[in-house]
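Thanks for coming. I will go through one structure today, from the overall figures down to single residues.

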Amino acid sequence: MERASESSEPVLDAKSQLIDFQWKLGMAVSSDSCRSLKYPYVAVMLKVADQSGQIKNKFIEMTIPQFQNFYRQFKEIAAVMETV
């Protein structure tokens, strides 16, 4: 599994094509260093095709405020694309 935060390449670039977008809400309840985290997060899976057509899955975990900002940006992009 490839995590976007672990990769040096961008999640999407201008020549990538978004094939699929999936998300799920999760709750982190503990970790190795903390017994009780209890914070919500959103896990996003983007399926993208690069310029050669090779399809890769990109995984991103975000806090709720980060996901809200991400969603708002996608809505703005969609609105611009409708005018083109």
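What does the accessible surface of the protein come to, and what percentage of that surface belongs to carbon and sulfur atoms? The surface is about 6700 Å², and 53% of it belongs to carbon and sulfur atoms. Accessible areas here are Shrake-Rupley values with a 1.4 Å probe, and for residues only the protein chains shown count as cover.

Two remarks on the source. This is a predicted model, so local features need pLDDT of at least 70 and side-chain atom pairs count only at pLDDT 80 or more, while totals for chains, interfaces and linings use all residues. Residues are numbered from 1 along each chain as its sequence is written, and side-chain values use heavy atoms, with hydrogens and water left out.

Now the layout. The protein has one helix and three strands, in the order β-β-β-α along the sequence. Helices (H or I, at least four residues) and strands (E, at least two) are DSSP runs, numbered from the N terminus. Of the 84 residues, 18% are buried. Buried means under 20% relative accessible area, exposed means over 50%, and partly exposed is in between, again with a 1.4 Å probe and protein chains only. Contact means heavy atoms within 4.5 Å. Among contacts between residues at least 6 apart in sequence, 40% join residues at least 24 apart.

Next, the strand pairing, where two strands pair if DSSP finds at least two bridges between them. E1, residues 17-28, and E2, residues 39-49, pair in the antiparallel sense over eleven bridges. E2 and E3, residues 55-63, also run antiparallel, joined by nine bridges. In that second pairing, Val48 has Lys56 as its bridge partner, and Ala49 has Ile55. E2 and E3 form a hairpin with five residues between them, and Gly53 in the turn has a positive phi of about 95 degrees.

One residue on E1 shows the first pairing in detail. Asp20 lies in E1 and stands opposite Lys47 in E2. Their C-alpha atoms are separated by 4.9 Å, with the two residues 27 apart along the chain. Not counting residues up to four places away in sequence, Asp20 touches Met45, Leu46 and Lys47. Is Asp20 buried or exposed? Neither label fits, because its relative accessible area is 29%, which counts as partly exposed.

Turning to the interior, which residues make up the largest nonpolar core? There are eight: Val42, Val44, Leu46, Val48, Ile60, Met62, Phe67 and Phe70. E2, E3 and helix H1, residues 64-83, each supply at least two of them, and E2 gives the most, with four. A nonpolar core is a set of buried Ala, Val, Leu, Ile, Met, Phe, Trp, Tyr and Cys residues joined through side-chain atoms within 4.5 Å. As general background, nonpolar side chains tend to be buried together in soluble globular proteins.

Val42 is a useful core residue to follow. Leaving aside neighbours within four places in sequence, Val42 is in contact with Trp23, Lys24, Leu25, Ile60, Glu61, Met62, Ile64 and Phe67. Trp23, in strand E1, has its C-alpha 6.7 Å from that of Val42, at 19 residues along the chain. With the same exclusion of neighbours within four places, Trp23 is in contact with Val42, Ala43, Val44 and Phe67.

Trp23 also belongs to a surface feature. Leu18, Phe21, Trp23 and Leu25 form a nonpolar patch with about 400 Å² of accessible area together. Patches are made of residues with over 30% relative accessible area and no salt bridge, joining like charges within 9 Å and nonpolar side chains (Val, Leu, Ile, Met, Phe, Trp, Tyr) within 5 Å. A salt bridge is a side-chain nitrogen of Lys or Arg within 4 Å of a carboxyl oxygen of Asp or Glu.

Two last residues. Lys58 is in strand E3 and counts as buried because its relative accessible area is 3%. Lys58 and Leu46 are twelve residues apart in sequence and 5.1 Å apart, C-alpha to C-alpha. Pro65 is in helix H1 and counts as exposed because its relative accessible area is 53%. From Pro65 to Val42 the C-alpha distance is 9.7 Å, with their positions 23 residues apart in sequence.
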